[in-house]
Amino acid sequence: MKNLLEIIKLYKLVIFSIFLFLWVGTVGIAVLIISISKAESKPPVQPINFSHKIHVSQLEIDCINCHEFVDRSPVAGAPAIEICMQCHEAVATDKPQIISLRKYWEEKRPIEWVRVYSIPEAVYFTHKRHVKAGIDCKVCHGDVANMSMMRRVRKLKMGWCINCHRKENAPTDCITCHK
Amino acid sequence: MNLIGKDILLPLPAPLIFLKWLLVISFLLHIIFVNLMLGGALFGVIYRVIGRYKRDIFYERFAREIILTTTVTKSIAVVLGVAPLLSISLVYTKFFYGANGITAPYWLSVPLLVMTAFLLLYIYKFTWDTLGKRFFIHLLFGITACTILFFIPFIFLTNINLMLYPDTWNNVRGFWSALVLPNVIPRYLHFITASLAITGFFSYFLFKYRAGRRSTSDADFYIRSSKLGILWALVATLAQAIFGLINFITLPDVAFSWHVTILVIVALIVAVLVSFFLFQEYHSENTRFGLPIFFLITVLILIMGTLRHVIRENALEIPKQVLAENTEYYQMQLARFKEEELAEVKPSTGKELFAAYCIVCHAFDKRLIGPPLSYIREKYATDREKMIEFIKEPKKVNPEYPKMPKLGLPKEDISKIVDYIYSK
Amino acid sequence: MDFPIFQLPLLGNRLLIAIVGVVHVLISHGCAIGGSLVVVWLEYRFIKTGDGRWNDLAYRILRILIILTTTLGALSGVGIWFTTAVVSPQGIGSLLRIFFWAWAIEWVIFVIELLLFLSYYLTWYKIDPEKHIKIGIGYIVFSYFTLIIIMGILGAMLTPGRWLTTHRFWDGYLNATFLPQLVSRTAMAVMLSCGFGLLISAFFRIEKDIRSSFHRLMGKWMIISSIAFVLSSIFYYKTLPSIPEVVTAIAFNTRTYEKYLAMSKFLIPVTGIILVLAGCILCFLGHAIKRGTLFLPLLIMVIMVGQYERVREFVRKPYVIYNYMYSNGIRVADESFLSKKGILENAQWVKWQSAKEPSKKELGHMVFRIECSVCHTYRGVNGIFRNVRGWDEETILNFITSYKYTHPYMPPFIGTEEERNALVSFLDTGKEER
């Protein structure tokens, strides 16, 4: 025992250095992993600073008013500019963001929205089926009504989908989604 | 609800980039002295207690020497606080004042709390010997001062955090609901640990310096004090890795960018080097690492200051855009209104002028504020010029009525009003 | 309307600013600017006479002054920034943009002043007095500099002069009331230093001959500075811009005590005479003064300074920056626009603070909070419900419509007719009965 203590004293610098390395190294790796996760869920800057908060929470516009095809299509889709112009032909036309919007409309240029939710191509997911099953948009997409900037609230990993499928007695065999 | 609104409609007094640099640098200087004040007060209390129970006069002397430094550090901390306060009020006016307003009663209590803590610290310091016999009473002053000093950062951090996330303002009612927002409490823990570290470094340098200038018996005390400082610095720096990590985990996504990660990684590397040198310094007799340690912690502090600023800019990127748009929109509306106003028809007939200037106080047959027109017509039935003169320079004539204010109208307009009054 | 609205219950926002501001004036003028003079003079006496007791007295007084300036003084100064940011964010936000450089330079000088007085204190007894007193003189000089600098800003709030059109810094800074205010405040500083000097010395054990000599010194200074203060204040008052008489009336005395207006105009001269008398007593009967009475000169000075600052603040009404911004933070330039558009349309903060479907009375409450609550409480100081006591609804409406003529010290009502009616409804339902 005494020998051990003496050895520690002799090589204290080395032992400390190893400890330091492990300590800070662990933290460093944790930082990197967390960074990746944060980078993915950070709300991306969109070409037009559209605020769901104003339109859904304040103006009480339903999701389906703009995401028209969500109950009829596999894809929810971002609304066509035509839908925005239904109101913004006349509403708030002098606000800078609306002026930008109008430019897209007049030049017939699509707005290049930055995608927030995506799943791998090999996975078959259809909005229509889930909406018809009565699942509220909030369940997967979070409290969009209160988001000033759209952000991803979950990764839509397979395990999460399967959990819900099990609970709601939906099919859980592979071919349901991996067609 | 858009609580961001519009900005102050006056230009900034200096280029934005200058004000931002001023903010970052002056804040760093301020916070270093705040750290020293907090750490000094804490050490001044806990080592007094330890000294009492360990029966080693070293601890009490250490406590006393460190508490004496707070005389200087706390005043410098306060005076250096003004520069960042003014800079942040300029660069982020809406966000900073918005947060101040939301946490108002607590924000306003800060000067009073600081003042009380300072007075208690003065008492604790100056009665060290005279109250020395009544240990617990003396200690009470120190403990109360420390409690106050350790509560105040909650108020600051709540504000400085709240200002970054205007999206949360709708859901926050005041200080306590803002306190529990991410990531105030992790920041607080990070800040306290930093205070311990900085005070440790400070003790190391200060007592090392004093050791070099005193006789051998005194030098022993100072060397031991210096080593105590190194120990605190080392432990706190290592602990910061954890508190920093917690901070990083709880950082709201919108404040994140890869710059933050890079700065954190660099800071970790610098922290490793500092710890390494500190460890050596603690175990060696000939102290050689003073300069590299000083250089490294300066770098570390600069990195931290930059980190804060990057996080702030990330979080406020979109809100600043919204603010600029709101301001532009308002100015445009105002300009348009002013144009329309100029084009508007100004009251020109006697009737229009009367409606614009007189009708507020004078009705036709009843008393409002001034006498009714029927009375006026009768009074000046024969003397038109006198009525014009009176309207031009009203005097108090009737004790029953208040004095009519001078309206500053040109004579032609008064003439038209008078004609109108006669015609009714 | 662009910031959250703070209301200090019962005492009201004005008193909050007033108390913090006056405390700061007392300590900064009396303990720092004036106090440095007293301490250095005493050290000079020591150097001339060689009597070490003067040195000790100077040191002991300095220690108390440092405690006062570094706690009450510094924190009330910071307190002014905190309270104005919460009570009048538009006002202070605008002033900061206009006069930032003045404050920045003043701050640099403060830092130097702090370092000077700390070293003055810490090197006492440790270095040669002839060298030591030079640090003290540096302290006096830098202290006085800070006063000079703040004069420009304080003066510009009342007499911004050509800044209104040119928006240029020097046009605002070197304004009409700069010099008169500077002279009167210099006299105030010396006068207050006597008040503090006497009060502080009351707590010390000092030998009889030194004490009577000190009393004579303070007495002389007090006579000269009180006379100078009264005369320069009158001169300052004369340089104020021509304002309606009714504004001057409420500046000197609140409307409740309007009948004592004539008397309150004499408050400063009369208290000045009392101080001159006190100064004479100190000069001739300095050895016989009981220590328990030594707080009296400072108490009288507090009343004088309180009145001085009150008049200075009130004659500026209804503006916080004359002819540019009203006390409630609304700019003169926005007045007609907001009257047409309505004050509530973009006032998100009051809605945040109310958080429900507002009734007409509640809308009126919101209007009150935006435009009136900066000066009026509900039932406390200047309580609005007490001011309209016993009025019927029609009288209230008439008043709101026409008060800009009879009460020019209040910002005019800004808003649509609907908002005006809402305000009337609010006042009517809350007013106190006769």
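**Entry 1: chain B against chain A**

I started with the contact between chain B and chain A, which takes 37 residues from B and 32 from A. The model is predicted, so I read each value as computed from it. I looked up the area next: chains B and A bury about 3200 Å² between them. Carbon and sulfur atoms give 71% of that area.

Which three residues of chain B supply more of its buried area than any other three? I found B:Asp253, B:Phe279 and B:Tyr329, with 18% of what chain B buries against chain A.

I then checked the charged pairs. The count between B and A is two salt bridges. In one of them, B:Asp253 pairs with A:Arg151, and their closest N and O atoms are 3.1 Å apart. I also noted 10 residue pairs in polar contact between chains B and A, both residues being at pLDDT 80 or more.

I went on to the helices. On the side of chain B that touches chain A, helix H8 (216-250), helix H9 (258-283) and H10 each supply at least two residues. H9(B) has the largest share, 11 residues. I sorted this side of chain B by class and got 22 nonpolar, nine polar and six charged residues.

**Entry 2: chain B against chain C**

I moved to the other partner of chain B. Here 64 residues of chain B are in contact with 58 residues of chain C. Of the two pairs of chains in contact, B and C share the most contacts. The buried area is about 5500 Å², and carbon and sulfur atoms give 75% of it. On the chain B side, B:Leu10, B:Tyr97 and B:Leu108 lose the most area to chain C, together 12% of what that side buries.

I counted three salt bridges across the interface of B and C. One that I looked up joins C:Arg97 to B:Asp7, with the closest N and O atoms 3.5 Å apart. Residue pairs in polar contact number 14 here, with both residues at pLDDT 80 or more.

Which elements of chain B give two or more residues to the side that touches chain C? I listed helix H1 (16-54), H2, helix H3 (93-102), helix H4 (104-126) and helix H10 (290-343). That side of chain B has 48 nonpolar, nine polar and seven charged residues.

**Entry 3: a helix pair across B and C**

I picked out helix H2 (residues 57-91) of chain B and helix H3 (residues 89-122) of chain C. They pack at an angle of about 175 degrees, with axes 11 Å apart. H2(B) and H3(C) are therefore roughly antiparallel. H2(B) brings residues including B:Val72, B:Ile76, B:Val79 and B:Leu86 to the contact. From H3(C) I noted, among them, C:Arg97, C:Phe100, C:Trp103 and C:Trp107. The contact residues divide into 17 nonpolar, two polar and one charged.

**Entry 4: a helix pair within chain B**

Next I compared H1(B) with helix H7 (residues 184-211) of chain B. Their packing angle is about 85 degrees and their axes are 8 Å apart, which means H1(B) is roughly perpendicular to H7(B). In H1(B) the contact residues include B:Asn35, B:Gly39, B:Gly40 and B:Phe43. Among those they meet in H7(B) are B:Phe191, B:Ser195, B:Thr199 and B:Phe202. By class I have 13 nonpolar, five polar and no charged residues in this contact.

**Entry 5: chains A and C**

Last, I looked up the remaining pair. Chains A and C do not touch. Their nearest C-alpha atoms are 13 Å apart.

Methods:
Residues are numbered from 1 along each chain as its sequence is written. Chains are lettered from A and ligands numbered from 1 in the order in which they are written. This is a predicted model: local features need pLDDT of at least 70, side-chain atom pairs count only at pLDDT 80 or more; totals for chains, interfaces and linings use all residues. Side-chain values use heavy atoms; hydrogens and water are left out. Axes are lines fitted to C-alpha atoms, for helices over the stretch in contact, and angles run from 0 to 180 degrees between N-to-C directions. Helices (H or I, at least four residues) and strands (E, at least two) are DSSP runs, numbered from the N terminus. Angles under 35 degrees count as roughly parallel, over 145 as roughly antiparallel, 65 to 115 as roughly perpendicular and the rest as oblique. Contact means heavy atoms within 4.5 Å. Ala, Val, Leu, Ile, Met, Phe, Trp, Tyr, Cys and Pro count as nonpolar, Asp, Glu, Lys and Arg as charged, and the others, Gly among them, as polar. Buried area is the accessible area (1.4 Å probe) that two parts lose on being put together, summed over both. A salt bridge is a side-chain nitrogen of Lys or Arg within 4 Å of a carboxyl oxygen of Asp or Glu. A polar contact is a pair of N or O atoms within 3.5 Å; within protein, one must be able to donate a hydrogen and the other to accept it, and residues adjacent in sequence count only if both atoms are side-chain atoms.
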